[in-house]
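Welcome to this guided tour. Open the viewer, get comfortable with rotating and zooming, and follow the stops below.

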Amino acid sequence: MELKLHTSIASSSPPFCTYAVHPRQNGTNNCRSIHRKIPPLRMGNPSIQPKLNHHQTLNQHQNADLSHLLQDGNLNQVLELMGHGVFADYSVFISLLNLCEDSKSLELGKRVHEFLRRSKFGGDVELGNKLIEVYLKCGSVKDARKVFDKMTERNICSWNLMISGYTLNGLGNDGLLVFKKMKQQGIVPDGETFALVLAACALVECVEEGLVHFESMKEYGIVPGMEHYLGVVNVLGCAGQLDEAEEFIENMPIEVGVEVWQTLGNFARIHGNLELEDRAEELLTVLDPSKDVADKVPAPQRKEQSAINMLEEKNRVGYYRCNMPYKEEGYLKLRGLTGQMREAGYVPDTRYVLHDIDEEEKEKALQYHSERLAIAYGLISTPPRTTLRIIKNLRICGDCHNAIKIMSKIVGRELIVRDNKRFHHFKDGKCSCGDYW
């Protein structure tokens, strides 16, 4: 079984959690658990989702309108009818895969995948791409790659999805290998492909390769856009080549926007180049007065204050909802874990607390950030050494990022956090993003 922890922030409703767990046997994943019978994902009103009588024949249901049932929220009934052999057309599969993507439910995705595999639409490129996208949204690069490899026909979107999926999961080298294979097969890359390739190069700090790919865009008749120039800045910035990044920006043939100077300023802050950081901030303020230093969000820790590493790993995700279970035990676990973290060298970075309260209260506020609570609930409700996966709808703050790195080393587990930009794979005190996110 897998356990996924999902944290969400809303003004009118409390955060909720979902969990995903990886038991391992002899160093391998136990895939059988995926197919266990679990309560089906409920959508809509359960009272209008009647169980089918298994003695009913296909003829009694062959005229069922699956699209209409899906619109009414009767997902379970649709899947059960399909299990009895009721024909699902193309639009039904599109709707089902959209539901999988929206819910980020790996269990639901695998059920729909099996129906699709046995249908006459199994070889459809667009449905195959949609399935890859579902698996990537669920954090399962392995399943996405299986679908990709089995596709008898692929289009440019198929290749772009795989490059993007690897990069978002900290697997930049794998993304570059997909790009290499793509060119070997004679597939012509587009502008989106090169933007994704530059992101992969930045992740693994391949400066020379990134610049070569940027220059090669001309060979395909692609005019670089702002996303490509920004991609080069990211490649140089991640590698610490800040002077080269600044020179590249000054020589850009297009108008330099706020995002470019903001990106350079962030890299200057990470690498501890105070002079460049101040210069970037001045230019940023000129372009956009709302970005004044006084209004800035607190900065992340500088690079020299914490170890920078990258971990490449992958995960599979299951999904179900719970409303803050084990509340008291969770808080006790978190307090104990915080004590261990301090002994391991954790120092709260209260710059990430914007409330006007004293230092002690700021430290307490950081301690109970939603992702930490989610991890605590997962630790007390799952077997040792299982993987926990946390999904946030906001960007993870710098203090939590540093804290979870330390947590992963203390508890001896892999902790995977998906914020609103990328997956962070924490293990043995390291993060796959290399502290660039």
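## Stop 1: a loop and its neighbours

Select Glu-205, which sits in the loop between helix H9 (191-203) and helix H10 (207-216). Please keep in mind that everything on this tour belongs to a predicted model. Look at the backbone of Glu-205: its phi is near 55°, a positive value in a residue other than glycine. Is Glu-205 buried, partly exposed or exposed? With a relative accessibility of 40%, Glu-205 counts as partly exposed.

Now select Ala-239. Leaving aside residues up to four places away in sequence, Ala-239 touches Glu-205 and Val-207. Ala-239 belongs to a loop as well, the one between helix H11 (226-238) and H12. Ala-239 is partly exposed, because its relative accessible area is 27%, and the partly exposed class runs between 20% and 50%.

Before leaving Ala-239, add His-271 to your selection. These two residues are 32 positions apart along the chain, and 9.7 Å separates their C-alpha atoms.

## Stop 2: a patch of negative charge

Follow the chain from Ala-239 into helix H12, and select Glu-244, which has its place in this helix (residues 242-250). Which residues form a negative surface patch with Glu-244? Add Asp-243, Glu-247 and Glu-250 to the selection, and you have the patch. Glu-244 itself is partly exposed, at 39% relative accessibility.

## Stop 3: helix H3 and a charged link

Go next to helix H3, which covers residues 90-103, and pick Leu-99 there. Leu-99 has a relative accessibility of 21% and counts as partly exposed. That value falls in the partly exposed class because buried means under 20%. Select Gly-109 too: it is 10 residues from Leu-99 along the chain, with 8.8 Å between the two C-alpha atoms.

Stay in the region and select Glu-101 together with Lys-130. Here is an idea to carry with you: side chains of opposite charge can pair when their charged atoms come close. How far apart are the closest N and O atoms of Glu-101 and Lys-130? They are 2.9 Å apart, and the two residues form a salt bridge. This pair links distant parts of the chain, with Glu-101 in helix H3, Lys-130 in helix H5 (residues 125-137), and their positions 29 residues apart.

Try a surface view here. Glu-101 is buried, with a relative accessible area of 11%, and Lys-130 also counts as buried, at 18%. Then add Lys-137, since Glu-101, Lys-130 and Lys-137 are linked in a network of salt bridges.

## Stop 4: two more salt bridges

Select Asp-149 and Arg-145. Their side chains meet in a salt bridge, at 2.9 Å from N to O. Where do the two residues lie? Both are in helix H6 (residues 141-150), 4 residues apart, which is about one turn of the helix. Asp-149 is partly exposed, with a relative accessible area of 40%.

Move on to Glu-277 and Arg-269. In this salt bridge the closest N and O atoms are 3.0 Å apart. Buried or exposed? Glu-277 is buried, with a relative accessible area of 7%, and Arg-269 counts as buried at 8%. The count for the protein comes to 12 salt bridges.

## Stop 5: out to an exposed residue

Select Arg-385, in the loop between helix H17 (370-381) and strand E6 (388-392). Its phi is near 70°, a positive value in a residue other than glycine. Arg-385 counts as exposed because its relative accessibility is 66%, and exposed means over 50%.

## Last stop: the whole protein

Clear the selection and zoom out. How many helices and strands does the protein have? Colour by secondary structure and look for 18 helices and 9 strands. Of the 437 residues in the protein, 49% are buried.

Switch to a surface view for one more look. The protein exposes about 21,400 Å², and carbon and sulfur atoms supply 50% of that area. Finally, think about how the chain folds back on itself: among contacts with a separation of 6 or more, 69% are between residues 24 or more positions apart.

Conventions
Residues numbered from 1 in each chain as written. Predicted model: local features only at pLDDT ≥ 70, side-chain atom pairs only at ≥ 80, totals over all residues. Heavy atoms only, no water. Buried < 20%, exposed > 50% of the residue type's maximum accessible area, 1.4 Å probe, protein only. Contact = heavy atoms within 4.5 Å. Areas by Shrake-Rupley, 256 points an atom, 1.4 Å probe, with all protein chains shown as cover. Patch = residues over 30% accessible without salt bridge, like charges linked within 9 Å, V, L, I, M, F, W, Y side chains within 5 Å. Salt bridge = Lys/Arg side-chain N within 4 Å of Asp/Glu carboxyl O. Lys, Arg positive; Asp, Glu negative; His and termini not counted. Charge placed at Lys NZ, Arg CZ, Asp CG, Glu CD.
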